[in-house]
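Here are some short exercises to work through with the sequence and the 3D view side by side. Try each task before you read its solution.

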Amino acid sequence: MPCSGTPTFRSGAQADREYNARIDDERISQVAILRPQEIGKYVEEGLFDVGITGLDWIQETDSDVEILADFPYAKTGAGGTLRIVLAVLKESGISSPRDLPPDTRVATEYPNIARRYFEKIGVPARVIVSAGATEAKVPNIVDAVVEITETGSTLRAHGLEIIDDVMVTSTKLVANRDSWADPEKRKLIEEIKMLLLAALQARGKVLLKMNVAQAKHLDILDILPSIDSPTLNSLANGDFAIETVVEKQVLAELIPRLKENGATGILEIPLGKVVP
């Protein structure tokens, strides 16, 4: 921990060669890129003030941390939540976890979560730790898997069928509890949280700017989507300049409609952050 008390930072992404990153923010003295499995405990023990990791690994490692925010991020770019599921071979004929025979062998990267799950539902199972490619171990090595999935496509590709949800997980911003209790550090952590959420809020959005004649501006406002009300400014010639934040995915249809309704000088500007 730096003597200055400025927050250090953990990220849950794993790079091939780089394990340290640089951020042009004097409040952050160090950024380490590590496996998400490790981050909860490092933050709990005060080695780092702030970290980003999954709720699944917080629970798997029993990390005692302050959860500050949920980050709506996923590989598909939608939603941001993932499921840890119980899956069996589709040809097994098993449709419920309670149909599993005693001492069923279950492979998983989440042994603690899996054991608690089977204890809760009262099904005796042999939980076997898997270091990866868990779905490929059925049926030659194990009978079932407890695995994380976003769409279920990888499991289906290996002939597996989901028979129950174990838990729902998502990416979390977490803080060391002592750091969060410190007023000076808490203020800085809150600012970092705001900037991170603002960057996520900007994903998939652009700033759209255009000019429009005074007689046409109401037509443009009628078809223009926006996060809040669009900004309308008067120009020297009596026309209007309009700007608003819109989802990038609507631009292919929206821009031709704006042009047809009298908009000119249309600009599409990428966004780094959107602060509500």
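Which residues of α1 are buried? Keep in mind while you look that the model is a predicted one.

**Exercise 1: helix α1 and what comes after**

Task: List the buried residues of α1, then follow the chain to β4 and describe the setting of D49.

Solution:
- Step 1. Start with the helix, where Q37, I39, G40 and V43 are the buried residues of α1.
- Step 2. Move just past the end of α1, where G46 adopts a positive phi of about 85°.
- Step 3. Continue along the loop that connects α1 (36-44) with β4 (50-54), and you come to D49.
- Step 4. Check the accessibility of D49: the relative accessible area is 0%, and buried means under 20%, so D49 counts as buried.
- Step 5. Look for a polar partner. The side chain of D49 has a polar contact with the side chain of K185, at 3.2 Å.

**Exercise 2: a threonine in β4**

Task: Decide whether T53 is buried or exposed, and find what surrounds T53.

Solution:
- Step 1. Place the residue: T53 belongs to strand β4.
- Step 2. With a relative accessible area of 3%, T53 is buried.
- Step 3. Follow the side chain of T53 to the backbone oxygen of P36, which lies at 2.8 Å.
- Step 4. Collect the contacts. Leaving out residues up to four places away in sequence, T53 touches P36, I39, G40, I58, S170, T171 and K172.
- Step 5. Compare with Exercise 1: I39 and G40, two residues that T53 touches, are among the buried residues of α1.

**Exercise 3: the two faces of α3**

Task: Work out why the buried residues of α3 lie on the same side of the helix.

Solution:
- Step 1. Mark the buried residues of α3 (residues 111-121): P111, I113, A114, Y117, F118 and I121.
- Step 2. Look down the axis. These residues span an arc of only 160° around the axis, so they are on the same side of α3.
- Step 3. Recall the helix geometry: an α-helix has 3.6 residues a turn, so residues three or four places apart point the same way.
- Step 4. Turn to the face pointing away from the buried side, which carries the exposed residues E119 and K120.
- Step 5. Find the packing partners. The buried residues of α3 pack against α2 (55-60), β6 (81-89), β7 (104-108), β8 (125-129), β9 (144-149) and β10 (160-175).
- Step 6. Finish just after α3, where G122 has a positive phi of about 75°.

**Exercise 4: salt bridges across the chain**

Task: How many salt bridges does the whole structure have? Trace some that link distant parts of the chain.

Solution:
- Step 1. A search of the whole structure gives 12 salt bridges.
- Step 2. Take D62 and R116, whose closest N and O atoms are 3.4 Å apart. D62 sits in the loop between α2 and β5 (66-71) and R116 in helix α3, 54 residues apart.
- Step 3. Check exposure for this pair: D62 is partly exposed at 48% relative accessible area, and R116 is partly exposed at 37%.
- Step 4. Next, D165 and R83 form a salt bridge through their side chains (2.9 Å, N to O). This pair joins strand β10, home of D165, to strand β6, home of R83, across 82 residues.
- Step 5. Then take D143 and R105, with a salt bridge at 3.0 Å, N to O. D143 is in the loop between β8 and β9, while R105 is in strand β7, 38 residues apart.
- Step 6. End with a network of salt bridges, which links D64, E66 and R177.

**Exercise 5: an open sheet**

Task: What is the strand order of the open sheet of four strands, and which strands are at the edges?

Solution:
- Step 1. Read off the order β12-β13-β11-β14, with antiparallel pairing.
- Step 2. Identify the edge strands, β12 (231-234) and β14 (263-270), each of which pairs on one side only.
- Step 3. Note the twist: on average, neighbouring strands of this sheet are turned by 20° against each other, direction ignored.
- Step 4. Zoom in on β12 and β13 (residues 240-247), antiparallel strands joined by four bridges. Here T231 is opposite E243 in β13.
- Step 5. Add helix α8 (residues 251-260), which lies across β11 (205-212), β13 and β14 and runs at about 155° to β14.

Conventions:
Residues numbered from 1 in each chain as written. Predicted model: local features only at pLDDT ≥ 70, side-chain atom pairs only at ≥ 80, totals over all residues. Heavy atoms only, no water. Helix = DSSP H or I, 4+ residues; strand = E, 2+ residues; numbered from the N terminus. Buried < 20%, exposed > 50% of the residue type's maximum accessible area, 1.4 Å probe, protein only. Polar contact = N/O pair within 3.5 Å; in protein donor to acceptor, adjacent residues only side chain to side chain. Arc of directions from axis to C-beta. Contact = heavy atoms within 4.5 Å. Pairing = 2+ DSSP bridges. Axes fitted to C-alpha atoms, helices over the stretch in contact; angles between N-to-C directions. Salt bridge = Lys/Arg side-chain N within 4 Å of Asp/Glu carboxyl O.
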